[in-house]
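Subject: Structure handover

Hello,

Here is the structure for you to take over. My notes on what was found in it follow below.

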Amino acid sequence: MAKVNDNYLKLPGSYLFSTIGKKVNAYAAANPDKKIIRLGIGDVTQPLVPAVISALHGAVDEMADAASFRGYAPDLGYDFLRDAIARCDYQARGCEISADEIFISDGAKCDSGNIQEIFSVDNKIAVCDPVYPVYVDTNVMAGRTGTYDPEKETWSDVIYMPCTAENDFAPMLPEKTPDLIYLCFPNNPTGAMITRSRLQEWVDYANKTGAVIIYDAAYEAYISEADKPHSIYECEGARTCAIELHSFSKNAGFTGVRLGYTVVPKELQVGGVALHGLWARRHGTKYNGAPYIVQRAGEAVYSEAGQAQIKEQIAYYKNNATYILEGLKAAGYSVSGGVNAPYIWLKAPEGMTSWEFFDYLLEKANVVGTPGSGFGPSGETYFRLTAFGSYENTVEAIERIRKL
Ligand code: MLT
């Protein structure tokens, strides 16, 4: 008789953004006259830049001709894209990463969920609290997290590293030693950025303890401060302890197009086994490569025109972030993030839980955000707004919140 993977049954409720989506859709159906402004899920709103559109058209035309038609993509990605990434995202910044250490995928969400598969189920994971829910939920599915405490909303076998105003929303080294450490900077959800010296401490710690860092750099394009690290490989020793994840969603608007990549350096070994080989085996077995036309679009992001155009688009969202940050400060909210990230993290008014504040904003201002507690216990009483709306909607949302 078939049995289900009962780890799935341990997962509480539905995925955070699905829960929010359902709530908002129900509210919208009951209130068809209201204009709801959605600053909840970090989904982009601006169109793909012209260089990307032109590459997509060009690649589609190639597919219409037998001489240039492409079938299965290489499992690990086309060389034209892997070379462009290695050159522009790493070598140009002085990071020693080669094209064959880059694995192309359909996005950082899948990679951040799948990467745990190459590690033993006995590994102990450490996550920031609050945290992007995919890291924890996928470890629950794998049976790595122990039992759930519904009161505390925590898992018994997970090491939670609180990220609070006291530590500038960057985790301190944990008391218990983890095997896998998930870090995300610029951070989702707090919008905080880690300093180079604190990231170096993590790299040194991982090399000393034999832990592996899974570093999610999906929001790297939003870093404004010159002294902040764009990649963990800017730290000495990271090649022997870190995997890095990247996305084209937030820097180039590919949330609906789907493209990302993961870097696994060849020196990175666990118990004498190279993780590069394991991830290549997993990728080759379970994945047939991102579509050719999408990889050509990704290549266009690194062209001179593409770089100039995405810079402009990122500046548009950063301007929204500044508007939200300053607007909420002026309205008396305690706010952070928004400088090196497209997320603004604010404290809910005194006495309100984050879900109460969610309902309050939805009903009184028709503005959707994300309740901080959805990201972990330290997110309780906090709230996340994204800068990915249109400028007009962002301005209107802040005006409505200020009027409350
Ligand atoms: C978020 O809102 O946290 C992100 O958009 C989710 C994602 O990138 O999967």
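Across the interface of domain 1 and domain 2, 14 residue pairs are in polar contact, both partners being at pLDDT 80 or more. Salt bridges are another matter: the rule finds zero of them across this interface. Please keep in mind that this is a predicted model.

Which elements give two or more residues to the side of domain 1 that touches domain 2? They are α10 (304-330), β13 (335-337), β14 (343-347) and β17 (382-386). The largest share comes from α10, with seven residues. By type, the residues on this side of domain 1 divide into 18 nonpolar, 14 polar and four charged.

Now the domains themselves. The domain assignment gives domain 1 as 7-47 + 306-403. Domain 2 is 53-303. Domain 1 is therefore written as two segments, and domain 2 as one. The C-alpha centres of the two domains lie 24 Å apart. Domain 1 brings 36 residues to the contact, and domain 2 brings 46.

The size of an interface is often given as the accessible area lost when the parts come together. Here the area buried between domain 1 and domain 2 is about 3300 Å². Carbon and sulfur atoms give 59% of that area. Which three residues supply more than any other three of the area that domain 1 buries against domain 2? They are Tyr-15, Asn-340 and Phe-375, and they supply 20% of it.

Next, the ligand. Its surroundings are Phe-17, Ile-41, Gly-42, Lys-109, Tyr-132, Asn-188, Tyr-219, Lys-250, Tyr-343 and Arg-384. Oxygen atoms of the ligand have polar partners among these residues:

- Gly-42 places a backbone N or O atom 2.7 Å from a ligand oxygen.
- Tyr-132 has a polar side-chain atom 2.5 Å from a ligand oxygen.
- Lys-250 has a side-chain N or O atom 2.9 Å from a ligand oxygen.

On to salt bridges. Side chains of opposite charge can pair when their charged atoms come close. The count for this model comes to 15 salt bridges. One of them joins the side chains of Arg-239 and Glu-96, at 4.0 Å from N to O. This pair links distant parts of the chain, 143 residues apart. Arg-239 is in the loop between β8 (212-216) and β9 (242-247). Glu-96 is in the loop between α3 (79-90) and β2 (102-105).

Last, some backbone details. Most residues other than glycine have a negative phi, and most peptide bonds are trans. Where does this model depart from that? The peptide bond from Phe-185 to Pro-186 is cis, with omega near -10°. The bond from Asn-188 to Pro-189 is cis as well, with omega near 15°. Pro-186 sits in the loop between β7 (180-184) and α6 (196-209). Pro-189 is also in the loop between β7 and α6. Asn-188, on the other side of that second cis bond, is one of the residues around the ligand. Asp-168 is not a glycine, yet its phi is positive, at about 55°. Asp-168 belongs to the loop between β6 (158-162) and β7.

Best wishes

Note on methods: Residues are numbered from 1 along each chain as its sequence is written. This is a predicted model: local features need pLDDT of at least 70, side-chain atom pairs count only at pLDDT 80 or more; totals for chains, interfaces and linings use all residues. Side-chain values use heavy atoms; hydrogens and water are left out. Contact means heavy atoms within 4.5 Å. Buried area is the accessible area (1.4 Å probe) that two parts lose on being put together, summed over both. A polar contact is a pair of N or O atoms within 3.5 Å; within protein, one must be able to donate a hydrogen and the other to accept it, and residues adjacent in sequence count only if both atoms are side-chain atoms. Helices (H or I, at least four residues) and strands (E, at least two) are DSSP runs, numbered from the N terminus. Ala, Val, Leu, Ile, Met, Phe, Trp, Tyr, Cys and Pro count as nonpolar, Asp, Glu, Lys and Arg as charged, and the others, Gly among them, as polar. A residue is near a molecule or strand if one of its heavy atoms lies within 4 Å of it.
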